Amino acid sequence: MSILDNQRLAVKICELYYYGDLSQKQICAKLGVSRPQISRILKAARASGLVSISINNPYSNETALEMALIDRYGLDDTLVFDTGELDTREAMAEFAKQAADQIEVYLPNQGSVGIMSGRTIARVINEIERTDKRRLELVPLIGGMGSDGADWHANIIAKSFADKTGSHYYLLNAPVLVKNEASKEILLNEPGIAVVLEKGGRCDVAILGIGQVNESSASVVAGSLTIAEVEALQRAGAVASVCGSYLAQDGTIIENEVTRRTIGQTLETIKGSKRIALAMGKEKADAIKAVLAGRHIDILITDADAARKILNDSQEEKK
């Protein structure tokens, strides 16, 4: 009889391993069965149902949404947080706290992390607790957004994150949007700007926000985009903004005169980075869906309301 068919032996090994908390090496010494055989017996026991493992998951609803998003859009990973019935302000605060607790999992202990501007990213980074475990380079991925909302600027967020992690940070001393392409070329040739842009394009990880293209977007509120420019982007079909890129609903990158005057990284220039996007709220579902449709990110961190709407809309589109 093959050792794999010896059920009495399999039960004994399983009990020693799962109940006795013995390692495979210890079982090998105790029973005289080789470690490769023990490994195969444990694997076969699970496959046959001799051993069953259950996980008491208190986040089962969120996990189901995460797995559905991963399966539908080919993501490496997803985190979905349920903020319950809180109002918009409280929901954002709760989302920021939960995201801050988890985002470090995706960051290297050493390496470069690109930081985008935006309200959501600013709130999440603000909630991260101080730690000396990280030795990172924090690189702003885009220029300053305007005269208002300074706390949302990539430079400020990068400095805040660096202060909390004992890391080094850079400043991108340029506006996100300039008057014309000639002005952009002059600034791109400035050594201090060029070196930060070059580092931003080589980041190990990029932390991104997903914005809507409307008058309430952070870019408009901060003063970097005018209503007329937003309307021009809308006419071109833009529904989402990520880095210095704008996306149509199917995920196609849209080029227009605004993008040609933008200083900073685009979705094309950060393709080599692990791209982590933070966005929440049902109102952002269409923008998030555009980013997912274009396969522009690797990891999505969102809330249950947005996840449900994205998945429900996707099901409707299939009918």
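**Exercise 1. Charge and overall build**

Task: State how far apart the mean positions of the positive and negative charges of the protein chain are, then describe the chain as a whole.

Solution.
- Step 1. Take the charges. The chain carries 37 positive and 42 negative charges, and their mean positions lie 7 Å apart.
- Step 2. Note the kind of model. This is a predicted model.
- Step 3. Name the elements. The chain has 13 helices and 11 strands.
- Step 4. Box the chain. Along the principal axes, its C-alpha atoms fill roughly 80 × 50 × 35 Å.
- Step 5. Look at burial. Of the 319 residues, 47% are buried.
- Step 6. Look at the surface. The accessible surface comes to about 16,300 Å², and carbon and sulfur atoms hold 47% of this surface.
- Step 7. Look at contacts. Among contacts with a separation of 6 or more, 72% join residues 24 or more positions apart.

**Exercise 2. A glutamate without a salt bridge**

Task: Locate glutamate 62 and find which side chain of opposite charge is nearest to it.

Solution.
- Step 1. Place the residue. Glutamate 62 sits in helix α4, residues 60–73.
- Step 2. Check its partner. Glutamate 62 is buried and has no salt bridge. The nearest side chain of opposite charge is arginine 308, 7.0 Å away.
- Step 3. Apply the cut-off. A salt bridge needs the nitrogen within 4 Å of a carboxyl oxygen.
- Step 4. List the contacts. Leaving out residues up to four places away in sequence, glutamate 62 touches Val80 and Asp82.

**Exercise 3. Where arginine 308 does pair**

Task: Which residue meets arginine 308 in a salt bridge at 3.5 Å?

Solution.
- Step 1. Identify the pair. The partner is aspartate 305, at 3.5 Å from N to O.
- Step 2. Place both. Arginine 308 and aspartate 305 lie in helix α13 (residues 304–318), 3 residues apart, about one turn of the helix.
- Step 3. Check exposure. Arginine 308 is partly exposed at 35% relative accessible area. Aspartate 305 is partly exposed too, at 30%.
- Step 4. Extend the pair. Salt bridges with shared partners join Asp82, Asp305 and Arg308 into one network.

**Exercise 4. Two more salt bridges**

Task: How many salt bridges does the structure hold? Work through two of them.

Solution.
- Step 1. Count. There are 9 salt bridges.
- Step 2. Take a pair within a helix. Aspartate 163 and lysine 159 meet at 2.9 Å, N to O. They are 4 residues apart in helix α7 (residues 154–165), so about one helical turn separates them.
- Step 3. Check exposure. Aspartate 163 is partly exposed at 41%. Lysine 159 is partly exposed at 36%.
- Step 4. Take a pair between distant parts. Arginine 260 and glutamate 181 meet at 3.8 Å, N to O. Arginine 260 is in the loop between β9 (253–254) and β10 (274–278), while glutamate 181 is in helix α8 (residues 181–188), 79 residues away.
- Step 5. Check exposure again. Arginine 260 is partly exposed at 37%. Glutamate 181 is partly exposed at 45%.

**Exercise 5. Aromatic pairs**

Task: How many aromatic pairs does the structure hold? Describe their geometry.

Solution.
- Step 1. Count. The structure holds 2 aromatic pairs.
- Step 2. Take tyrosine 17 and tyrosine 18. This pair is edge-to-face, 5.0 Å centre to centre, with 90° between the planes.
- Step 3. Check exposure. Tyrosine 17 is partly exposed at 28%, and tyrosine 18 is partly exposed at 34%.
- Step 4. Take phenylalanine 81 and phenylalanine 95. Their pair is edge-to-face, 5.9 Å centre to centre, with 70° between the planes.
- Step 5. Place the rings. Phenylalanine 81 is in strand β1 (residues 77–81) and phenylalanine 95 in helix α5 (residues 88–102), so the pair ties together parts 14 residues apart in sequence.
- Step 6. Check burial. Phenylalanine 81 is buried at 7%, and phenylalanine 95 is buried at 0%.

**Exercise 6. A buried strand residue**

Task: Is leucine 300 buried or exposed? Trace its surroundings.

Solution.
- Step 1. Place the residue. Leucine 300 is in strand β11, residues 299–303.
- Step 2. Read the area. Its relative accessible area is 0%, so leucine 300 is buried.
- Step 3. Look across the chain. The C-alpha atoms of leucine 300 and aspartate 76 are 8.8 Å apart, with the two positions 224 residues apart along the chain.
- Step 4. List contacts. Beyond four places in sequence, leucine 300 touches several residues, including Leu69, Leu79, Ile210 and Ala277.

Methods:
Residues numbered from 1 in each chain as written. Heavy atoms only, no water. Helix = DSSP H or I, 4+ residues; strand = E, 2+ residues; numbered from the N terminus. Buried < 20%, exposed > 50% of the residue type's maximum accessible area, 1.4 Å probe, protein only. Lys, Arg positive; Asp, Glu negative; His and termini not counted. Contact = heavy atoms within 4.5 Å. Areas by Shrake-Rupley, 256 points an atom, 1.4 Å probe, with all protein chains shown as cover. Charge placed at Lys NZ, Arg CZ, Asp CG, Glu CD. Phe/Tyr/Trp six-rings, centres within 6.5 Å; stacked < 30°, edge-to-face > 60°.
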